[in-house]
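Here's a protein model to look at together. Have the sequence and the 3D view open, and follow along as we go from one spot to the next.

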Amino acid sequence: MKKLGFGMMRLATLDPKDASAVNIPLACQLVDAFLNRGFTYFDTAYFYSEGKNELAVREALVRRHQRSSFLLADKMPLARLKDASPQEQAAIFDEQMEKCGVDYFDRYLLHCITRETYATAQRLDTFAFLSQKKAEGKLRRLGFSFHDKADLLDQVLTEHPGVEFVQLQINYLDWEDERIQARKCYETAVRHGKQVVVMEPVKGGRLAQLPEEAAALLRAAHPHWSPAVWALRFAASLPQVELVLSGMNAMEQVLDNTAALDDPAPLTAEELALLAQAAEIISRQPAVACTNCRYCVDGCPRAIAIPDYFALFNAEQPLLRRGDAPRRDLYLDIEGGKPDACVACRQCEIACPQHLPIIDSLRRVANLYRG
């Protein structure tokens with residue numbers, strides 16, 4: 001298996017305001033190009049595309065290609081199961097198989113383990129439930145995706161040594177970040193002898209569009225490498241990384257990413273030093289480190305489109321530095337509740353896999369655009 005996986009989370013849509021309106025014809029083209037270049041791994045989840053991603057995977061991939069020609073990963077949505085029964089857990093698994101149109105998953109994960117969701121998994125005995133599904137032949141390899149600190153990862157792997165791989169957020173910006181603990185989590189997985197699948201190698205696109213100072217630094221070393229290629233190759237260089245997932249929604253991204261990880265050589269010490277310098281430059285920018293996963297949106301009692309406001313706020317920063325006024329018209333065009341409507345209930349912060357101070361960040365956005 002080649003080292004690049006197709007993360008289906010960010011598929012292009014026919015309506016930019018409707019994440020569920022997946023552009024199926026374009027998705028078919030991207031899937032075909034990915035497979036034609038010798039890559040086989042696809043990753044979906046119950047929550048993606050507002051619940052329609054698994055259906056899109058069925059239409060673009062499963063119904064159009066032989067089952068033996070690809071590997072498919074799906075995930076148990078622990079965040080939805082906080083007050084659920086074991087029967088509901090079983091029903092969701094069956095629903096996912098039907099949506100995807102498969103009779104087995106090549107990989108299956110417990111989705112987004114945190115301290116809160118791990119308590120849910122323990123209450124429902126989810127690890128045992130999925131081990132039974134593996135024994136029944138309905139999944140081939142069992143793992144979990146993880147968004148918390150290294151001490152919890154060590155606890156989970158100690159208590160459930162039967163899992164075969166761990167999916168971690170790893171990129172060069174988060175490598176030494178104490179909030180994400182990418183390096184510490186990677187080292188913990190290695191210590192437990194687990195293979196690692198990398199998610200967010202480009203940090204929701206943030207590492208694909210760099211500040212010019214950082215972009216120029218990397219461009220001088222490799223003029224033909226895009227910023228995204230640098231990020232992917234950093235993750236792929238780690239010895240215990242089996243696979244790097246990349247969310248792709250355009251043909252140029254598929255062609256660029258597959259070329260980068262067709263047969264990647266590990267980065268040199270000099271190249272890693274350049275990425276450390278780039279990370280220091282990026283970290284000085286006053287951006288909100290949102291990856292647009294949108295997990296924060298569903299539970300918001302004021303229907304605030306939190307990632308959309310953060311994306312606008314981040315896009316404004318270079319314009320503000322040159323003296324432009326905030327683009328209040330774009331702020332007013334975003335549908336739903338405004339940031340100053342936040343009631344600080346913290347549902348968004350509990351759901352956020354980046355552990356962002358969302359409430360404080362919404363206040364920063366509100367202050368910038370207050371008329």
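## Starting at a loop

In which loop is the place of S49? Find β2 and then α2 (53-62): S49 sits in the loop between them. One thing to keep in mind from here on is that this is a predicted model.

Is S49 buried or exposed? Its relative accessibility is 8%, so S49 counts as buried, the cut-off being under 20%. Leaving aside residues up to four places away in sequence, S49 touches M9, A19, S20 and V22.

## The barrel

Now let's zoom out. Eight strands make a closed barrel here, with parallel pairing, in the order β1-β2-β3-β4-β5-β6-β7-β8. Going from one strand to the next, the twist averages 30 degrees.

Let's follow a few of these strands around. β2 covers residues 41-43 and β3 covers residues 71-76, and the two pair in the parallel sense over three bridges. If you click on Y41, look across to L71 in β3, which is its bridge partner. Carry on to the following pair: β3 and β4 run parallel too, joined by four bridges. There, K75 stands opposite L109 in β4.

## Helices that lean on the sheet

Helix α1 (residues 24-36) packs on the sheet, where it touches β1 (4-7) and β2. Compare the directions of α1 and β1 and you get an angle of about 170 degrees. That's over 145 degrees, so α1 and β1 point roughly antiparallel.

Helix α6 (residues 150-159) packs on the sheet as well, and the strands it touches are β4 (105-113), β5 (139-146) and β6 (165-169). The direction of α6 makes about 155 degrees with that of β5.

## A closer look at β4

How much of β4 is buried? Nine of its nine residues are, which leaves the strand mostly covered.

One residue in β4 is worth a click: C112. C112 isn't a glycine, yet it has a positive phi of about 60 degrees. It counts as buried because its relative accessibility is 12% and the limit is 20%.

You can find another positive phi at E200, again in a residue other than glycine, with a value near 55 degrees. E200 isn't in a strand, though: look for it in the loop between β7 (195-199) and α8 (212-221). With a relative accessibility of 12%, E200 counts as buried.

## Two helix pairs

First pair: helix α3 (residues 86-100) and helix α5 (residues 126-135). Their axes are 11 Å apart, and they pack at an angle of about 40 degrees. That angle is why α3 is called oblique to α5. The crossing, where α3 passes α5, is right-handed. On the α3 side you'll see Q89, A90, F93 and D94, which meet T126, F129, L130 and K133 in α5. Sort the residues of this contact by class and you get four nonpolar, two polar and two charged.

Second pair: helix α12 (residues 306-321) and helix α15 (residues 358-369). Here the axes come within 10 Å and cross at roughly 55 degrees, which means α12 is oblique to α15. This crossing is left-handed. From α12, the residues in the contact are I306, Y309, F310, L312, F313, E316 and L320. They meet I358, S361, L362, R364, V365, L368 and Y369 in α15. By class, the contact of α12 with α15 holds 11 nonpolar residues, one polar and two charged.

## Last stop: A305

Which loop holds A305? It's the one between α11 (269-283) and α12. A305 has a relative accessible area of 10%, so it is buried.

What does A305 touch, if you don't count residues up to four places away in sequence? Its contacts are R294, I334, E335 and G337. Now find G336 as well: it's 31 residues from A305 along the chain, but the C-alpha atoms of A305 and G336 are separated by 6.3 Å.

Terms used. Residues numbered from 1 in each chain as written. Predicted model: local features only at pLDDT ≥ 70, side-chain atom pairs only at ≥ 80, totals over all residues. Heavy atoms only, no water. Pairing = 2+ DSSP bridges. Axes fitted to C-alpha atoms, helices over the stretch in contact; angles between N-to-C directions. Contact = heavy atoms within 4.5 Å. Parallel < 35°, antiparallel > 145°, perpendicular 65-115°, else oblique. Left-handed = near helix turned anticlockwise from the far one by under 90°. Nonpolar A, V, L, I, M, F, W, Y, C, P; charged D, E, K, R; others polar. Buried < 20%, exposed > 50% of the residue type's maximum accessible area, 1.4 Å probe, protein only.
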